[in-house]
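Here are exercises with worked solutions. Look at the structure, try each task, then read the steps.

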Protein chains: 2
Amino acid sequence: YPSKPRLQSKAVLNGVLSRAKVLTIDTMNPTVKKVEYAVRGPIVLRAVELERELSEGMKKPFSEVIKANIGDAHAMGQQPITFFRQVLALCSYPELLNDSTFPEDAKSRARRILQSCGGNSMGSYTASQGIDSVRQDVARYIERRDGGVPCDPDDIYLTTGASDGIVTMLKLLVCGEGATRTGVMISIPQYPLYSAALAELGAVQINYYLNEEKCWSMDISELQRALDEARRHCNPRALCVINPGNPTGQVQSRQCIEDVIRFAANERLLLMADEVYQDNVYAEGCQFHSFKKVLFEMGPEYSDTVELVSFHSTSKCYMGECGFRGGYMEIINMDDEVKAQLTKLVSVRLCPPVPGQALMDLVVNPPQPGEPSHDNFIKERTATLSALAEKAKLTEQVLNTIQGISCNPVQGAMYSFPRITIPEKAIQEAMEPDMFYCMKMLEETGICLVPGSGFGQTDGTYHFRMTILPPTDKLTILLNKVKEFHQKFTQQYS
Amino acid sequence: YPSKPRLQSKAVLNGVLSRAKVLTIDTMNPTVKKVEYAVRGPIVLRAVELERELSEGMKKPFSEVIKANIGDAHAMGQQPITFFRQVLALCSYPELLNDSTFPEDAKSRARRILQSCGGNSMGSYTASQGIDSVRQDVARYIERRDGGVPCDPDDIYLTTGASDGIVTMLKLLVCGEGATRTGVMISIPQYPLYSAALAELGAVQINYYLNEEKCWSMDISELQRALDEARRHCNPRALCVINPGNPTGQVQSRQCIEDVIRFAANERLLLMADEVYQDNVYAEGCQFHSFKKVLFEMGPEYSDTVELVSFHSTSKCYMGECGFRGGYMEIINMDDEVKAQLTKLVSVRLCPPVPGQALMDLVVNPPQPGEPSHDNFIKERTATLSALAEKAKLTEQVLNTIQGISCNPVQGAMYSFPRITIPEKAIQEAMEPDMFYCMKMLEETGICLVPGSGFGQTDGTYHFRMTILPPTDKLTILLNKVKEFHQKFTQQYS
Ligand SMILES: Cc1ncc(COP(=O)(O)O)c(C=O)c1O
Ligand SMILES: Cc1ncc(COP(=O)(O)O)c(C=O)c1O
């Protein structure tokens, strides 16, 4: 190494200079700096701190922090589906296939998954698009769900949670500069993954507002307004819809979905349908309609042309298996060359986690009537979904008894997004009134919510998002604490 | 919906226009198009096709496709570590904690992991940075590995495989335009995740060549040459090193690592050390030296200033658990504000897969002497690593008996990267001579390799990458087939 002495002397010469950091806030990726993600923002950080302080014996006006900020079902006590976990245990440790206490249907499901894995091990990389047999099962699930509309397993991509699929699709779409830069329409309020991904990709976020007066439905005239304005400064190319909605808990009607599809077709927008809450529908008269089914019912003028991507996940519905990071997307009417590029792109990350793929397989192919685990599966699923339906109703009812709070019905998903009246004095005191409100709520009651500003809201209105996930008894206490806090807060600032 | 009639008439007017796809190869993200990933490229696609053709009874000159293209240990028959899989089964289905056939140490490990999960379930989201207790275990592992150099769990980020960590770090680094655009130095040959990520991020790839004559070691003078040239057209900010090396199988000496650190310090480059093969060292006289340990041995002038990020994974070493997508990165001397940005960025994807986090925990905290599973763990680990060492030697030896092929010792990792002589006539016939060679090899022998061009190589030289993972008997057959093929190919084109 003849260059060594030279380098050493250089080190001395550059002594001071070389101590400055390479990577600083001023020299890092500027698009990353623009990313915001309120679901895990300052309130949540403070909640974690408070939990630590409590555990260290510090005195607080509450004995427990209740995290109603994130749709994390198991963390709030929801139990996993026994059958799913049995199969996962069998796949993890195939010795258990000889254990007679496991039901036969769990074993046969595990064998089938393992046979699709290289070396019969979940430790092997899979095809980047996901395991073939899982994609086939997903396709059959979609066909059943959509009353027979055909689904090609080649159009299914397994993902690392729905998050991964959504970011990947947005990534494919982004191009152009200045007035030709890709714009993407997202609902306001939105799930902040969308704004975060668009910021990171440097795409233009086009806000369309959900109609709070009409139970957070979509208005075509509002879509048109947002689109027309956006066309003046960017190139709108995609329209994202979350149905059932996060944070707003609405379930869009079939008519509304048809109108949205027609709008997207007319305006040449690719549709991204975030349908991770497809089993979470509670309100009477509401029903989940997949964008794909409606698209195909509209006939070939639409079903042969409109580009649609739909996302699903193992994280929500009745399973709530967030930690496994399972999910899929179905791509419909995508250009073949683009599809090849998508396949190439996902191959760089090698493959989605195999336990998550296995879990997705179980979700789309649960125990069938006659199989030993069927009855228990139905019992567990029903119990979870009924409890959620009950809590959705309870939440809406109690919140609407509070003066200064008004809450739309929680038709689906896992959240209420009530509108709150914040007294003028508090608004003047705080930079972000709903952040101020939620932070005070946390400090005084231990309840962790996300301020509406984290999702976006009409200027001058204030909201918070609260999950309906705590167990019923805890939720009742929580709602009463919210009531008490709101009354006190209102008094204090009046 | 008063706007509906208007939209319908517009649909008729725009009939033809609305049928053109929104997303085409010409209107998609141009940086995605530039991405290449040879490990899963055309040869692999053809191999999958051949497998299908064989299974359909088509006649081929071989009876089986042997995939020596990817470091996927379990797919090639390597057995998982029993203890790891027992704990994963226990965590997946905690009912098994009552099963007396599971060893107590597996149970206590599972209990500890579950206690760190929300609701005691792997189905909960974890902190975005990863489970606290796992990060603590990682920190203690690093301290043990590096002879006591301190490690702060706050500097550990769990990841979705090492791939995820590497892409995230590169993403943080990218900024500027034109001559100030971030440049990143990568070795040639390289693991193509790096070039793919840089292409996607639009960063400048700066190639430095490993010295094939000196067993793929790093030359400071070559680093300097590459850097000086790059400074004319971009802003070089980081230097990536893979040690032990992929695809080249070398293990860098302590001296070399020290020189590289000094170079990075003098030239103000952030160091990215890809150390996913840290247990895969086979050659006598070779040893794994972590960049962190060497950095701290160089004294505070370096250890207080040089920004270093080190990556590890559950996918390689003796565990080979690729499908679980576990990994971590340690960030050293990173600016606090940047670290906060990193934490925010990873929170958008919610968290790494929990089974992968659990597995990473077991890797850094395996059974201890005295615990019931210890002896078997040591036995299994030793068996796997000895077999790999034996196969590394075998591969080098047989390849070097072939006229026209010369292979550096496979000191570590899981690959040989022999240089092959391709006859002039074949070079003239083919666009990419080594792709042509590997494709012919696949068609004639069923052996699936990756051409050197997929990793980069000095102009006018040709290589292929072959894993050492097939079981010894199969590897012997495979090497003999390579020999036969090479002789035939050479004759045919001479
Ligand atoms: C609307 C919506 N989409 C996507 C996601 C991402 O979920 P995951 O990545 O866990 O599948 C969430 C999570 O809360 C969500 O609410
Ligand atoms: C050098 C190197 N780095 C990173 C990776 C990524 O591995 P994973 O994402 O499975 O941890 C690999 C995989 O082969 C590799 O060889």
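**Exercise 1.** Find how helix α3 (residues 42-55) and helix α17 (residues 433-445) of chain B pack.

*Solution.* Step 1: take the helices as DSSP runs (H or I, at least four residues), numbered from the N terminus. Step 2: fit lines to the C-alpha atoms over the stretch in contact, and take the angle, from 0 to 180 degrees, between N-to-C directions. In this predicted model, the angle is about 10° and the axes are 10 Å apart. Step 3: α3(B) is therefore roughly parallel to α17(B), a term for angles under 35 degrees.

The model's local features need pLDDT of at least 70, side-chain atom pairs count only at pLDDT 80 or more, and totals for chains, interfaces and linings use all residues. Residues are numbered from 1 along each chain as written, chains are lettered from A in the order written, and side-chain values use heavy atoms, without hydrogens or water.

**Exercise 2.** Sort the residues of the contact of α3(B) with α17(B) into nonpolar, polar and charged.

*Solution.* Step 1: list contacts (heavy atoms within 4.5 Å). From α3(B), they include B:Pro42, B:Ile43 and B:Leu50; from α17(B), B:Met435 and B:Leu442 are among them. Step 2: count Ala, Val, Leu, Ile, Met, Phe, Trp, Tyr, Cys and Pro as nonpolar, Asp, Glu, Lys and Arg as charged, and the others, Gly among them, as polar. The result is 8 nonpolar, no polar and 2 charged.

**Exercise 3.** Which rotation superposes chain A on chain B?

*Solution.* Step 1: superpose by least squares on C-alpha atoms of residues with pLDDT of at least 70 in both copies. The rotation is 180°, with 0.0 Å of shift along its axis and RMSD 0.0 Å. Step 2: name the relation: a two-fold axis. Step 3: locate the axis. In chain A, the C-alpha of A:Ala89 is nearest, 2.1 Å from it.

How values were computed:
Helix = DSSP H or I, 4+ residues; strand = E, 2+ residues; numbered from the N terminus. Parallel < 35°, antiparallel > 145°, perpendicular 65-115°, else oblique.
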